[in-house]
Amino acid sequence: MKRWQERDCDGGEFISTVSSVSLKPGQSDILNLHFLPFCPGVKYCAVLLICPQVGDMVYMVKATADLPLPSPLRVWHSSNIFFIPGNSVGSGGCVSALRLRCTVGQTCEELIRLPLINSSWENALAMWAQHRMTAIELQRRMLTYTLHSSSVRASMAACMLSKKQSQMRGVDYKKGVVYSVEVSLPRYFTVPSTVTMPIKKETNIWKNPADCDCVEIPLRFKADSVGQFSSQIVLKSCFDTRVYVMEALVTSPGGSVHLDFSSPAQHSVTQDIPLHNETHQDWTLKAELCGEGFYGPNVLIVPAGTRACYPLTFHPSAQCVVLGKLCLHNNYNGVDHVFTIRGVGERPLPVEHIVLRCPVGETTHRQLSVPNYSQNTLTLQVVTDLSIISGNSSTKVKPGQSALYTLAVLPRKQGGLSGCLSFVEIDHTDERDADKGNIVGRYEVFYTLEILCEPGTPVNTFDVQCIVQSSVAIEIPVRNPGGELLILNVDLEGNDLCGADWILIPPQETLTYKVTFSPAKMGKSRGSVVFQSEQIGEFWYQLELYAVPSAVVTLPQACCPLGKWTRQSITVVNPTADTVEVTVFNSNPRNYTLELGSESTLTVEPHSATQLGVLFTPSSIGECNHGAKMTFTCPQLPQWCVLLFGNGLMPRREEPLSISCTVGSSESVTIRFTNPTERPATLGITLTDKDPSAAPDCLPGTPDKDVFSLLLSQADGIQISEGGSLDVPVVFAPKSMDPQQSWLLISMKPLNAITSGKRGRKKLTTICWIYPLCGIPVSAPVDNSPLCVVQCEAGCQLEKKFDVQLTGYVPGAQTGNEVSNVLVEDFQCEVCYESEIEDCLTASIEAGRRDHETGVVTLTINLIHNPVKQCRCSAILVVQHVSGQMWEFSLDVIATEPQVDDVIDTDVTEFGKTSALGFYLTSTTRRPQPFTAAFQPGTSNEFAVTPTSGMLPPVDSSGALINVFFTPTVKNKRHNARLTIQASGMQWMYDVRGVTPPLFASSPNDASVLRPTSEQHPNFVARNLRIPALANSSPLKVRR
C-alpha cells in the first residue's frame, strides 16, 4: 500500500481522485492528476509516495496555464456589425466574437458590452468544488440538483480569496473591480487601458451569467489595407482573467472589380476568379449573375484554409457588346464580392476551311452543313466575295440544328482563288440598350474557301523544236467571234517562253499571237499559252518544247592588212541563275588570239552577257589558213562553237614616222620589220623621195643621201625566216632648217615562189610596205635645259600637267583602212631619280593624240609632287610603249623650305631659370607612327626638346606630349630656333622664340604659353579642301 500527498501554493489547482495506490509485485499503474488553473502562469506540484516496505518517493509536476478561452459578448445591432450563422452563444444575444465590417480608411466606432459575471470562471469554481466534496456531500447534492448552485461557487470563491489576502490589502472594492485591458493589435483596435466592473450589494453577483448586467467600453477600429483582422482583448485583475475576440473585415472603397471578356461568336472563353478562405470554417458562396452570354455555377463551396476558383464563362452567339454583373455572397461572413463584367463578341471563326479542285469550264457542286447555335429559327442570307460561286440566295435553319446548302463553282480561268462564304441573319436590326450599353449584332457563320482551278482540255498541242542558244517563234491564230472589241490577257508558262502580256482583237477578225522559245540548255519540257478574258473565259494551247544541240555560229569574215591585226567580239550569254566559268578552246592560235589576259577561263555573271575579244592577225594574202573554231564548254551549259574566217589584205601605208634633229648633226631611228607570213622570204629595202602612192609601179627614187640614208651593208636580197624580225636603221642629217620628207620601201618575196592547188600553179606576188619619213630640223639648243621644272614647298603638294612629244616610229593598230587613235593603255610612265632620295613624284598619262600628217604622238602627263622635306635633284621621266620603245625626258625637282606650322613664344621671368612648354601631337592616320624630334643644326644649346623619339598615338587620341625647354644664358637678346618633328610621311616645323626678362614684364606664373604667330600664314585646311583626293584625311597641304 502506498499513500500520496499533494502540496501546492495556489489553492490546490492540482486534483487527484485517489488517495492511495496498491501495486502487486512487478505491477505498474497510472496515477491521474487534474490541473484546473484560475490564473495564467507556471504551477508546480509535489507528489509524495510513502511506503514502509520500499521507502518514500517524490515526483515534481510542472504545469503552464495559458490565457482562457474567449468569453461571449453582448452586442447591439449596428451597421458596422454583422452576424453569421453559428456565431451566437446560447440565448440572450451573446456572440462568441464581435465581427465588424468597413472599408479601407473608414473609422469604425462601437461599444463593447462586457458581462459583469465571468461565466467561465464560475463554471471552473463549480467543477473545483465538486472535486473537493466528500462522497456523501456529492451524492446529496446530486440528489437535490444543487451541484451548480451559487452557494457551492461562493464557498470555493471564499476559499480562494482567503489565500489572496496579501494581494488584496489596500484595495477598495466598494466601487468595483479594476481590470487592465490589453489588445493584441493595438495598431488597428483602440480600447481604454482599464475598465471597472461594479459590485452591487443589492444584487446577487453569483446568479446566472446570462442574466447579469454588462459594462460598456468604447472600441475604435481603422485599417489602411484590405483584409481580415482578428484581435484579442485581455482583461486582467487579481480575481480572474478574461479574453474577448474582435474580428474586422476590410474591403476596398470601390466595392467591385471590372472584368473584360472577348471571344469570337460561337466560341467561349472562361476566366477563373480566385477565392482564398483563410478561416477555419467552410465558405458557401451564392452567385448572382446577369448578362447575356455569361455563365457560371450558382453555388461555390470553398473549404476552410484552401483556395478555390469561380469559373465565369462568356459564350456569345453573335457579334455583340454585353454588360453584366456577378455578385458572390459569402454566407459565413456576409461579404459580397461584386464584379462588373463586359463581354465583346467578335466576328466568328470559320466553321470549316474547304479546298475545292474544279476544272475550268465545268461546274462543281459541294454541300455545306450550316449550323444554328441560337434559340430561334433563322433565315440566313448567303454572301460571298467570289464571282465564280452560285447557289440559293438564302436558307432557313431551325434552332440548335443544321441545314444543308448546295454550292456550285464554275471557274472561268485556271489558277488559285481564296475567299469566304458567309451566312448572315436576315431582317435583323442591332439590339441596343442605351441604358445598359448592350449591342447585339446579327447572327453569322462563314466558311473559308480555297478553289484550285485546274486547266481544262487544251485547244491544240504544238510540238516546237529549237537549237540551244537560239530562238524560234510560234504563231498561234486567235479569233474574235463577237461583235465587240476583245481584250485577251496572256499567261505564258515556261521558263524559256516570252511574248506579249495581252492581245487586242477587233470584232469578227483573227490575229496571230507570237510567242518566242529561247532554250538555254538541251532537253524536253512542257509549256502553255493561256488566253483569258472576262467575256469569253479561258482557252489555252499546250506546247511540247524540245531543245536540241546548238549549231555552229559563224561570225562575219574579218579583213586585215598583212602585218596588222583587227579585233572581233564574241557574245557569251549566261541564261542561268548561277555564275558560270566558261573554258574556250582555240583551234588556230597562230592567227587568232583570245583577250583573256592571265585567266584561263571566262567568268559570266547570272542572267547576263559578256563580250570576248578575238584579235585576228593574217599570215598570208587571201583566205587560205585563216579559219578557226572556238569551242565553249562549262558544266552548266551545253557545248557550243563559233567559226571565224579571215582575209589577209595587201599592206597599206604605215603611220608617218617623224625624226627631229639639230642642223649640222645626225639622228637615227630604227624601224623593226617582222615577217608576218609562214614562209621564209627575201627583203629589198630602198629609200625614195617620191610618194609611192602616186606611182602605181612603186619604182624607187633617188633621195638625197646626205639627208636620209640607210645604215645597212646590204639593202637587197636579205633573207628573213618565217616570223623573223629585222631592224632597219635610218639616219637623218639635215643641213638646213627646211623640212625633209622621204619614203622607206620594204618589199618581201617568199622563197617558195609557187604553190599548188586545184587550179594549178600560181606565182606568189611581191609584198611591199611603205613607211613615210618626216624630217624635222631644229636649231641647236642654247643649253641643255630640262623638259620641266617641278618646284613645290616641302610639306605641300603640287599638281602639274604638261605635254611630251614622242618622235620616231610609234606603232599602232589598224582596223580596215583607218589608223586607230592613240591608246593610253599602250603606254606607261615612271619617274627615276639620279640620286637616292625619297620618292615624292608621281606621274600618270591622262590623254594621247597623233598628228596624222607628221605621225608625232603627243601625250599629256599629270605630275603630283608632294615633298616631305627640302631638297633639289634631277629626275628622268621614262615613257615606254608596249612594243618596247622608250623615251626619256629630264626633269628638275625642287622642294623649297617649308613654312612653319606654328610659332612658339616662351619667356622667362628670371635670368638663368628654365621655362618649359608642352603640347600634344598625334599621328595623321589611325595607326601609331614613330617620330623623331630635334632642333635644326646650328641651334643654340639654350633650347632642348623631350622626348627626342617615340611613337605618335593614332588620330582622335589624346596625343603624345612634346616638351620644349628654354634656359637663357645671354641677356637682352632674342633667341630663335627651329624645331622639326619628323614622322613617316609627315613633317611638322615650329619656330621657337625665347625672350629674356628685360624685354617682357614679369608674370606671376613661370609657365610659358603657346601663342599664335602674328604673321599671316596660309590656310592649309582651305587648300586641302580644294583637292578631292585629299579633302577628307590627307595631312598634305596643296599649293597650285
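The following exercises, each with a worked solution, concern a predicted model of one protein chain.

**Exercise 1. The chain as a whole**

Describe the secondary structure, burial, contacts and surface of the protein chain.

Solution.
Step 1. Begin with the secondary structure: the protein chain has 4 helices and 79 strands.
Step 2. Turn to burial. The protein chain holds 1040 residues, and buried residues account for 40% of them.
Step 3. Consider the contacts between residues at least 6 apart in sequence. Of these, 68% join residues at least 24 apart.
Step 4. Finish with the surface. Its accessible area is about 56800 Å², and carbon and sulfur atoms contribute 51% of that area.

**Exercise 2. The place of leucine 687**

Determine in which strand leucine 687 lies, and decide whether leucine 687 is buried or exposed.

Solution.
Step 1. Locate the residue: leucine 687 belongs to strand 54, which covers residues 681-688.
Step 2. Apply the cut-off for burial, which is under 20% relative accessible area. Leucine 687 has a relative accessibility of 9%, so it counts as buried.
Step 3. Compare sequence with space. Isoleucine 746 is 59 residues from leucine 687 in sequence, while the distance between their C-alpha atoms is 9.0 Å.

**Exercise 3. A salt bridge between two strands**

Explain which parts of the chain are tied together by the salt bridge of glutamate 247 and arginine 99.

Solution.
Step 1. Recall the principle: side chains of opposite charge can pair when their charged atoms come close.
Step 2. Check the distance. In the salt bridge between glutamate 247 and arginine 99, the closest N and O atoms are 2.9 Å apart.
Step 3. Place both residues. Glutamate 247 is in strand 16 (residues 241-251) and arginine 99 is in strand 9 (residues 97-103), so the pair ties together parts that are 148 residues apart in sequence.
Step 4. Examine burial. Glutamate 247 has a relative accessible area of 15% and is buried; arginine 99, at 9% relative accessibility, also counts as buried.

**Exercise 4. Further salt bridges**

State how many salt bridges the count comes to, and decide whether glutamate 544 and arginine 526 are buried or exposed.

Solution.
Step 1. Give the total: the count is 17 salt bridges.
Step 2. Examine the salt bridge between glutamate 544 and arginine 526, where the closest N and O atoms lie 3.0 Å apart. This pair links distant parts of the chain, with glutamate 544 in strand 42 (residues 537-548) and arginine 526 in strand 41 (residues 523-533), 18 residues apart.
Step 3. Assign burial to each partner. Glutamate 544 counts as buried at 8% relative accessibility, whereas arginine 526 counts as exposed at 58%.
Step 4. Add another pair. Aspartate 240 and arginine 242 form a salt bridge with their closest N and O atoms 3.2 Å apart, and both residues are buried.
Step 5. Include a network: salt bridges link Lys564, Glu654 and Glu655.

**Exercise 5. An open sheet**

Identify the edge strands of the open sheet with the order 72-76-74.

Solution.
Step 1. Recall that strands of a sheet pair through backbone hydrogen bonds, either parallel or antiparallel.
Step 2. Read the order: the open sheet consists of 3 strands, 72-76-74, with antiparallel pairing.
Step 3. Find the edges. Strand 72 (915-921) and strand 74 (943-946) each pair on one side only and are the edge strands.
Step 4. Note the twist, which averages 20 degrees from one strand to the next.
Step 5. Inspect one pairing. Strand 74 and strand 76 (residues 960-966) run antiparallel and are joined by 4 bridges. Phenylalanine 943 has phenylalanine 966 in strand 76 as its bridge partner.

Notes
Residues are numbered from 1 along each chain as its sequence is written. This is a predicted model: local features need pLDDT of at least 70, side-chain atom pairs count only at pLDDT 80 or more; totals for chains, interfaces and linings use all residues. Side-chain values use heavy atoms; hydrogens and water are left out. Buried means under 20% relative accessible area, exposed over 50%, partly exposed in between (1.4 Å probe, protein chains only). Contact means heavy atoms within 4.5 Å. Accessible areas come from the Shrake-Rupley method with a 1.4 Å probe; for residues, only the protein chains shown count as cover. A salt bridge is a side-chain nitrogen of Lys or Arg within 4 Å of a carboxyl oxygen of Asp or Glu. Two strands pair if DSSP finds at least two bridges between them. Axes are lines fitted to C-alpha atoms, for helices over the stretch in contact, and angles run from 0 to 180 degrees between N-to-C directions.
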